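Me: Could you take me on a close look at the empty space enclosed inside this protein, and at what surrounds it? I'd like one connected walk through that part.

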Amino acid sequence: MRRLLLSLLVGATVVAGSTLTAAPTASATDVADGSQPYASYWFPDDILDWDPATDPDARFNRSTVPLRPRVADPTLKANPNARAGEGRVASLVSFAPTSANPSQGSLEEDYYAFGHWQYIDTLVFWGGSAGEGLILAPNPTVIDAAHRNGVKVYGTVFFPPTAYGGKIDWVRDFVRKSGSTYLVADKLAQVAQYYGFEGWFINQETAGGDAALATELRNLMTYGRTKGVEFMWYDAMTEAGTISWQNALTTANDSFLSDPTRVSDSMFLNFWWSGSGLASSRDHARSLGRSEYELYSGIDTEANGYQTSVDWDAMFPAGQPHVTSLGIYRPEWTWTSSSGPADFRARDSRYWVGANGDPSDTTTSSSWKGLATYVAESTPVTQKPFVTSVNAGQGDSYHVSGTRVRTGGWNNLSMQDVLPTYRWIVSSTGSELTPSLDFTDAYEGGSALRLTGTLDATNTVRLYQTQLPVAADTKLSVVVKTPAAGATHLSAAVAFTDAPSTFTTLDLGATSGTGWERRVLDLSAYAGKTIAQIGLRASAPAVVPSYDIKIGQLAVYDGGVDTAGPPTGLTVLGSTDVSATRKTLRLGWTASSSGSVHHYDVYRRDPDGGRTYLGGTPNDAYFVPQLDRVGTETSTTIEVEAVSTEYGRSTAATTTVTWSGTPPTDSNLALGRPATASGQCNGAEGPAKAVNGSVSGGNSDKWCTLTADRWLEVDLGAVRSLNRFVVEHAAAGGESTSWNTRDFTIDVRSAASDPWTTAVTVTGNTAAVTTHPVTVDARYVRLVVTTPTQDNDPATRIYEFEAWGA
């Protein structure tokens, strides 16, 4: 039955009856020299004037990642009920309001960083509204991630219902011709080809049309397909020109699929389908010479996610061929309904993989079993080099080669790796280890793979389905990290296509310390074979009660690690002064002339000679959303280096940004402010001693605690802009250097009800005084000590905790 309207606001994100409605309205932002670029959007008349040569955002909206081929081996499917090569999945996702999709990510972890690409075939970048624009092109981060996983991407053309501001004149503008040329179709083709995506989803729900207009829409799609553009048509407008959802392929709408030549590449059937209607749609598609899998039966999960009622048996009957493909409307419910990034990832796993977090076991009393129940996993891991750091494309810090180079939230799907095909499948005769994506540490990016639990029997963890040929010089590289030096109890596990379920193991040996260590394994003994699966196997001669190991990178490549040539001609295309101490930048450069580039990393050179990470992109242009002045520096050097597909790094191209004016004087905002702590060693060593501005008052001029949880919190009185923290440890007050704090974090929040965000993470410190540049706004700051000393002494000793800013 028809759902009640949730809102009559133009462009609101609701489902009006059976209609697919648009993303929320947001006002457009005028483009300044160095301002934030956004994904492109237009009305039909506007797009006729679009020219990438004159659009300042166009260069930032290009994807350079080609669509990878992918395969699905039925013998390696995780779930026995799933089928390969039958029903496909299209996902219609609104990542942000139409006018507010940043081109290259943002400085927030909280984002729909979708990672279950192995279950979908097409992603529709959903949007469009009467108040912003009807035609929305996907941003390059989504295209990059999708293409890296072998998934096609479509933009959206949305003609809203009259109740949502729709005007039939917009539809007539859309089909405008000059002779035999459909003007807007030419622009749709130009946009798709320039930005690097495959096609368009057309959703025409504006009333007032007629048969002639419907014919012109079909002719436009036929014409556009000759330009290399694909189209998916939504079941709303009939051949008579009226808006009447058929919920099936019928004689009233079949000419939008084939009339008599191919018109659209596929059709999205409205949500009210029935089992008998899908069966008749399948038969009707076949009678037209079309596959039933070019019909996508729609389900609407915007409001209820995996609580949505779906007649799965009608579409994907158990033990029988799929009847049609599946079209999912708004799966980002897993993000919009979540309490934060961790909750989003848990909900997304429940949505796609199932209640047990194991695609091979989707047993549950819920009617929503998870998509893994029905659709066999596909893999794009079909060519070398294959490198993954299990980077999810979001996080609260960023790492390069095992070093933290940025602290703070971020999202950038362009930097997302191909994540494990199977999340997670573990086999063991004893306790099963728990695999997870760990966001507390990483080798590259913001996350790593972690295995934890009791190791009391051999555990085999399936990770990737692949088709990788082995040559005489092929190597498998694994980067690992353990809490203490010693045996990893871990082997790489490789299966070949001649026995795809039988793993050959290669021992990773022991670690020499607690940092990231690389193991390079020679696969030459298997030359001529093809790798079908990559996994891990953990086994120990005795029980390991608290097994814990991190895997930072897996790579399969030939020969040595290749590098790419450096970029050249690095230029500041635009700069905007946000304040005397902050800028936004648009950067451009000439791509490397040699080697194969995976992406470019962008840094600023710090006054102390170190580097701070600003972001990354496969493109030859990048928007820096935040460049902060450090101290009184008058200029900042920007560096861009090429990272090859095998993760070799080039020398850097450089340019300089100049600061004008005198920066404002800052101060220690924690001085004398109220402080609380987890405890204190005695009455003279309370938390106030850490904010009294003194380190010279003897051994009692400090905060000291022996509690198991060690923290010190300071209320700055108001939200302040902070640029650095300074911590003065035991030796700053004259005590032994062996009592200097070894491992700690600094957390911040703006209100007492907000969750804490980690701004600084330090491991392995030995210094008496440490300084930590940041750019954060906060009222409450908290020092959390993980390892209080160098020599296992249990006491935490902090002589001063300073928060500098204005």
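Reply: Sorted by class, the residues lining the largest cavity are nine nonpolar, eight polar and one charged. Do keep in mind as we go that this is a predicted model. That makes a lining of 18 residues, and those that lie nearest the centre are Leu 107, Trp 410, Leu 614, Gly 615 and Tyr 622. The space they surround comes to about 170 Å³.

Now for the strands around it. At least two lining residues each come from β15 (403-411), β31 (611-617) and β32. Of these, β31 gives the largest share of the lining, with four residues.

Following β32 takes us away from the cavity and into a sheet. This is an open sheet of three strands in the order β28-β29-β32, paired antiparallel. At its edges are β28 (568-579) and β32 (621-628), each of which pairs on one side only. On average, and ignoring direction, neighbouring strands in this sheet are turned by 20° against each other. As background, the strands of a sheet are held in pairs by backbone hydrogen bonds, in either a parallel or an antiparallel arrangement. Here, β28 and β29 (residues 582-590) run antiparallel and share eight bridges. If you would like a spot to find on screen, look for Gly 574, which sits opposite Arg 586 in β29.

Back to the enclosed spaces. Searching the whole structure turns up four cavities of 30 Å³ or more. The second largest cavity has a volume of about 60 Å³. Its lining consists of Gly 115, Trp 117, Gln 118, Asn 149, Ser 378, Pro 380, Val 418, Leu 419, Pro 420 and Thr 421. By class, that lining splits into five nonpolar and five polar residues, with no charged ones.

For an open space to set beside these, try the second largest pocket, which holds about 480 Å³. It has 25 lining residues, and Arg 68, Ser 596, Val 597, His 598 and Thr 645 are the ones nearest its centre. The lining of this pocket takes at least two residues from each of β13 (386-388) and β30 (597-605). The largest share, three residues, belongs to β30. Sorted by class, the pocket lining has 14 nonpolar, seven polar and four charged residues.

Technical notes: Residues numbered from 1 in each chain as written. Predicted model: local features only at pLDDT ≥ 70, side-chain atom pairs only at ≥ 80, totals over all residues. Heavy atoms only, no water. 1 Å grid on protein atoms, 1.4 Å probe; cavity = no way out; pocket = protein on both sides within 12 Å on 5 of 7 lines; lining within 4 Å. Points joined across faces, edges and corners; volume = space filled by probe spheres on them. Nonpolar A, V, L, I, M, F, W, Y, C, P; charged D, E, K, R; others polar. Pairing = 2+ DSSP bridges. Axes fitted to C-alpha atoms, helices over the stretch in contact; angles between N-to-C directions.
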